[in-house]
Amino acid sequence: MNPVVLGAGPAGCTAAILLARNGARPLLIDRHAEAGDALCGGFVSWRTAAQLRQVDCDPAGLGGWPVRRLRLFADGRAVEAMLPATGFGLSRRALDTAMRAAAVKAGADFQVDHARGVAAGLVQGRNRDWSADAVFLAAGKHDVRGLPRPRKAADPALGLRVRLDGDHRLAALVDDAIELHLFPGGYAGIVRQEGGSVNICLAVRKSLLSQAGGQPLELLAQLAVRCPQLGTRLVGLSSGHRVDTIASVPYGYVTQRTDAGLFRLGDQAAVIPSLAGEGMAIAVASGLAAASAYLAHGPGAAPAYQRAFARRATRPVRTAEVIWHIAERGWGARALLAAAGCAPWLSRAAMQLSRIAQPSLVTQPWQSSIVPS
Ligand SMILES: Cc1cc2nc3c(=O)[nH]c(=O)nc-3n(C[C@H](O)[C@H](O)[C@H](O)COP(=O)(O)OP(=O)(O)OC[C@H]3O[C@@H](n4cnc5c(N)ncnc54)[C@H](O)[C@@H]3O)c2cc1C
């Protein structure tokens, strides 16, 4: 039996590419025939970019807009810091489409089905059941029935995203920065992407949206008044724009546990607070690590992979959680800006500590026969 990868986002596609390149003939299943534009900040960190190159998905080659600096805003003030290396602004439609194509080119069989349930060795789809010697669960933000991730927050975090196309003034204003606008209860991340479009993505507490009557556009209008620099960037927003939302994001979730034959990847393995811009790096790193473990040791390697990956993911996830909790308080955001302004090394340290360590494809001897690229 061949392995089944459920979910053709960055995590699932990475695993499928590595499995296919090494002759494991994976089946890659997604509920959508075409890659959509997943709700995401769309900032590809320099570390994510380095890993994506290993699977022949170079963000620069896909038209990604180079991002060289971090611009932080809070309480009317702004501070800039250079990124350790160039990142990219790239829409998820562009990235996920390229990753799916790379998986199919490497030899993965792509099928469309909506999974209703998952167990070790079995994916129960709406169309049929898919048996496998191992399942790679990469269903991302969405819980699969029977495998819910615990939500601990009383006031959970939500994601919102709006894309502004053809707004040349805004694209020039944002230029080569990833902007983080901090406000009590959340933040907005803004980045320019391929084709000059600008992606505006927010993570906010549910209570903030409730105060805006549950209306995303009303929340954006209120924030535009409260945060003048954000308001300047939202000038082109109108009632005709679609705001995508995702409820109850389980930030901080890291799992150590799984069964033999069930590898959990990406957001199903660890969910880093999104202001770190490292979720896709975790997704790709988990895909590489899980596929490597399977290729070297078979389906039984899943529990050991999961424990090892949890150890790797814990530092960046906890660092990002601490920064997020500080940043979403008014005093905390002011303190972060002051610290970033006076001691730039602090921002650099925070950026490095919230990155996932690079996959150890080269350093682990049992992986030496695996072909990363
Ligand atoms: C508000 C917000 C902003 C973010 N900004 C950034 C950022 O700027 N940079 C960054 O690196 N990360 C960011 N992230 C995190 C990033 O989006 C995720 O970590 C990343 O998408 C995880 O990849 P994945 O492959 O695990 O899952 P996903 O990208 O969610 O892919 C999952 C795939 O599984 C499929 N699927 C789901 N359920 C089923 C089912 N039942 N049956 C069949 N198929 C199914 C979906 O269609 C999808 O294709 C952000 C997250 C949020 C919430």
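Ala-333 is in contact with Ala-74, Leu-182, Ile-326 and Ala-327, neighbours within four places in sequence being left aside. The model is predicted. In it, Ala-333 belongs to helix α10, which covers residues 330-342. Its relative accessible area is 3%, so Ala-333 is buried. A long stretch of sequence is bridged here: Ala-333 and Asp-75 are 258 residues apart along the chain, yet their C-alpha atoms are 8.0 Å apart in space.

Ala-78 was examined in the same way. This residue sits in strand β5. Its relative accessibility is 43%, and Ala-78 therefore counts as partly exposed. Beyond neighbours within four places in sequence, Ala-78 is in contact with Leu-72, Phe-73, Gln-229 and Leu-337. Ala-78 and Thr-245 are 167 residues apart along the chain, with 27 Å between their C-alpha atoms.

Strand β5, residues 77-89, also takes part in covering helix α2. The buried residues of α2 are Trp-46, Arg-47, Thr-48, Ala-49, Gln-51 and Leu-52. Their cover includes β3 (43-44), α3 (92-106), α8 (279-297) and α11, as well as β5. Thr-48 illustrates the arrangement. The residue lies in α2. Its relative accessibility is 1%, so Thr-48 counts as buried. Residues up to four places away in sequence aside, Thr-48 touches Glu-278, Met-280 and Ala-281. Met-280 also faces the ligand: a polar backbone atom of Met-280 is 2.9 Å from a ligand oxygen atom.

The backbone changes character just after α2, where Asp-56 takes a positive phi of about 60°. Most residues other than glycine have a negative phi. Asp-56 is not a glycine. It lies in the loop that runs between α2 (46-54) and β4 (65-74). With a relative accessible area of 59%, Asp-56 is exposed; the cut-off for that class is over 50%. A second aspartate behaves in a similar manner. Asp-175 has a positive phi of about 50°, although it too is not a glycine. Its place is the loop between α4 (168-174) and β12 (177-183). At 35% relative accessibility, however, Asp-175 counts as partly exposed.

The ligand has 34 residues around it. Asp-30, Gly-41, Phe-43, Arg-92 and Asp-267 come nearest. Backbone atoms also approach the ligand. A backbone N or O atom of Pro-10 lies 3.3 Å from one of its oxygen atoms. For Ala-115, a backbone N or O atom lies 2.9 Å from a nitrogen atom of the ligand. The corresponding value for Met-280, to a ligand oxygen atom, is 2.9 Å.

Helix α8 contains Ser-286. Its relative accessible area is 0%, so Ser-286 is buried. The side chain of Ser-286 reaches the backbone oxygen of Ala-283 at 2.8 Å. Apart from residues up to four places away in sequence, Ser-286 touches Ala-11, Leu-265, Gly-266, Tyr-305 and Phe-309. Of these contacts, Tyr-305 and Phe-309 fall within the span of helix α9, residues 302-327.

Helix packing was then considered for α9. Two packed helices are described by the angle between their axes and the distance between the axes. Helix α9 packs with helix α11 (residues 344-353) at an angle of about 135°, and the axes are 8 Å apart. That angle makes α9 oblique to α11. On the α9 side, the contact involves Arg-315, Pro-316, Thr-319 and Ile-323. These meet Ala-350, Gln-352 and Leu-353 in α11. By class, the contact has four nonpolar, two polar and one charged residues. Helix α11 is also among the elements that cover the buried residues of α2.

A further position was examined in helix α6. Glu-218 has its place in this helix, which spans residues 216-226. Its relative accessibility is 38%, and Glu-218 therefore counts as partly exposed. Glu-218 and Ser-239 are 21 residues apart along the chain, and their C-alpha atoms are separated by 9.4 Å.

Technical notes: Residues are numbered from 1 along each chain as its sequence is written. This is a predicted model: local features need pLDDT of at least 70, side-chain atom pairs count only at pLDDT 80 or more; totals for chains, interfaces and linings use all residues. Side-chain values use heavy atoms; hydrogens and water are left out. Axes are lines fitted to C-alpha atoms, for helices over the stretch in contact, and angles run from 0 to 180 degrees between N-to-C directions. Helices (H or I, at least four residues) and strands (E, at least two) are DSSP runs, numbered from the N terminus. Angles under 35 degrees count as roughly parallel, over 145 as roughly antiparallel, 65 to 115 as roughly perpendicular and the rest as oblique. Contact means heavy atoms within 4.5 Å. Ala, Val, Leu, Ile, Met, Phe, Trp, Tyr, Cys and Pro count as nonpolar, Asp, Glu, Lys and Arg as charged, and the others, Gly among them, as polar. Buried means under 20% relative accessible area, exposed over 50%, partly exposed in between (1.4 Å probe, protein chains only). A residue is near a molecule or strand if one of its heavy atoms lies within 4 Å of it. A polar contact is a pair of N or O atoms within 3.5 Å; within protein, one must be able to donate a hydrogen and the other to accept it, and residues adjacent in sequence count only if both atoms are side-chain atoms.
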